[in-house]
Amino acid sequence: MDRIRVLIVGVGGFGQNWWTLLPERPWVEVAGLVDPVQEALDKGGDALRVPASRRFTDLAAALGSVTADLAVHNTPPKLRAEHARLILPHGLHLLTAKPLAETLADARQIISLAKTHRRTLAVNQQLRYGPVPRTLGRMLRDGAVGQIDHLDFEFHQRRTYTDRLKDVPSPLLIESSVHHFDFLRSVAGCEPERVFCDAWNPAWTGATGETSATTILKMTGGFRINYRASRAGRADLDPSLSIGWYGRWFVEGTEGVIRGSEKEGYFLNGQMMLSPEAAVKDAGVHPLIGVLFDDVCCAIQEGRTPETSGEDNLWTMATCQAAYESYHQERWVAMKGFVG
Ligand SMILES: NC(=O)c1ccc[n+]([C@@H]2O[C@H](COP(=O)([O-])OP(=O)(O)OC[C@H]3O[C@@H](n4cnc5c(N)ncnc54)[C@H](O)[C@@H]3O)[C@@H](O)[C@H]2O)c1
């Protein structure tokens, strides 16, 4: 890999992942850091060995002072569009945390800006790089189940709601489904055409917004995804309910059946094809962020579009938005209007 100079914007919180991931990559030079919180700058700067002269509290000042190839953006989403309007015209490629933006309109504008300035735009949706989606996607593409009839995905997690998600409109769609829809799209190898969703908030959660949903995605590939997810599962009463990010799968097709979860392993027509150990190997959020970062850097250097490009991610964002509209309007929603 050729040398790449990185500007980190948003050093604390999720940005802390870079404190250990970047020093492991000798081809990365951390050109500068931006964060208005001094403690994040100090701790991140020390971990990344960035001198005080290249630690900034303001993005515009950093862009005026350091030379970088890629901005790694980890701030709260409300800053994404404003910062992209500074970063991309300045000539930097951009890797953002998810979501790409707060609204689809902002996301489209950022995508268009990247095109205008011929910069690579990618979104950190690392979970699709895990062994489960990678293996399932490859098997489905190779025709393991023949023509897919339906893909069922189930997810249960227990969260407490004392955090920033307590009062947001839909913690499930914003924080969890955005990951699920992203890797479900990558496994399915096609896009949702129409979406129907019902979402609700079980009485015991303490959150304001919807934490549980049932969603049907009618896919362009001619099959449906049945998506059932909850961030309010009663794992407090039955710990076995708690399931990892990759949930439980059941795919039926003309030639085969795939079923499984990380706990049980994955089976094709009753034969194990991915063991529980292999399903979780290097599958944590942290290592996968590194895998995605490497892929984005390769894409930049090879002049190709990265897998989680802004344009690709618009479909993930739009699927969340369509689900949200569907349960509010109590009707099927077509994706066409959302992705343009
Ligand atoms: N992919 C994942 O698995 C994953 C996991 C967690 C969070 N995220 C995403 O990461 C992003 C950040 O979330 P978080 O929980 O770390 O947020 P946060 O509120 O902790 O903010 C992250 C950092 O951004 C800094 N910041 C705030 N304003 C800034 C500005 N004007 N300029 C530069 N830096 C600024 C904060 O001081 C903080 O250090 C969100 O978009 C979130 O959805 C992704």
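1. A polar contact is a pair of N or O atoms within 3.5 Å. That notion is needed for the ligand site of this structure, which is a predicted model. In Phe 14, a backbone N or O atom lies 2.6 Å from an oxygen atom of the ligand.

2. Two side chains also approach the ligand through N or O atoms. For Asp 35, the distance from such a side-chain atom to an oxygen atom of the ligand is 2.6 Å. For Arg 80, the corresponding distance to an oxygen atom of the ligand is 2.8 Å. The ligand is surrounded by 22 residues, and the closest are Gly 12, Phe 14, Asp 35, Arg 80 and Lys 98.

3. The strands form an open sheet of six, in the order β3-β2-β1-β4-β5-β6 and with parallel pairing. Strands β3 (55–56) and β6 (121–124) stand at the edges; each has a single partner strand, so one side of each is left without a neighbour in the sheet.

4. At one of these edges, β5 (residues 93–97) pairs with β6 in the parallel sense, over four bridges. Within this pairing, Ala 97 has Asn 124 of β6 as its bridge partner. Helix α4 (residues 80–87) packs on the sheet, where it touches β1 (4–9), β4 (70–73) and β5. The direction of α4 makes about 165° with that of β5.

5. Helix packing is considered next. Two packed helices are described by the angle between their axes and the distance between the axes. The axes of α4 and α5 come within 10 Å and cross at roughly 10°. Since angles under 35 degrees count as roughly parallel, α4 and α5 are therefore roughly parallel to each other. Helix α4 contributes Arg 80, Ala 81, Ala 84 and Arg 85 to the contact, while α5 contributes Asp 106, Gln 109, Ile 110 and Leu 113. By residue type, the contact of α4 with α5 comprises four nonpolar, one polar and three charged residues. Arg 80 thus appears in this helix contact and among the residues closest to the ligand.

6. Helix α5 (residues 104–116) also packs with helix α10 (residues 310–329), at an angle of about 175° and with the axes 10 Å apart. Angles over 145 degrees count as roughly antiparallel, and α5 and α10 are therefore roughly antiparallel to each other. On the α5 side the contact is made by Leu 104, Ala 107, Arg 108, Ile 111 and Lys 115. On the α10 side it is made by Gly 310, Glu 311, Leu 314, Met 317, Ala 318 and Gln 321. The residues of the contact of α5 with α10 divide into six nonpolar, two polar and three charged.

Conventions. Residues are numbered from 1 along each chain as its sequence is written. This is a predicted model: local features need pLDDT of at least 70, side-chain atom pairs count only at pLDDT 80 or more; totals for chains, interfaces and linings use all residues. Side-chain values use heavy atoms; hydrogens and water are left out. Two strands pair if DSSP finds at least two bridges between them. Helices (H or I, at least four residues) and strands (E, at least two) are DSSP runs, numbered from the N terminus. Contact means heavy atoms within 4.5 Å. Axes are lines fitted to C-alpha atoms, for helices over the stretch in contact, and angles run from 0 to 180 degrees between N-to-C directions. Angles under 35 degrees count as roughly parallel, over 145 as roughly antiparallel, 65 to 115 as roughly perpendicular and the rest as oblique. Ala, Val, Leu, Ile, Met, Phe, Trp, Tyr, Cys and Pro count as nonpolar, Asp, Glu, Lys and Arg as charged, and the others, Gly among them, as polar. A residue is near a molecule or strand if one of its heavy atoms lies within 4 Å of it. A polar contact is a pair of N or O atoms within 3.5 Å; within protein, one must be able to donate a hydrogen and the other to accept it, and residues adjacent in sequence count only if both atoms are side-chain atoms.
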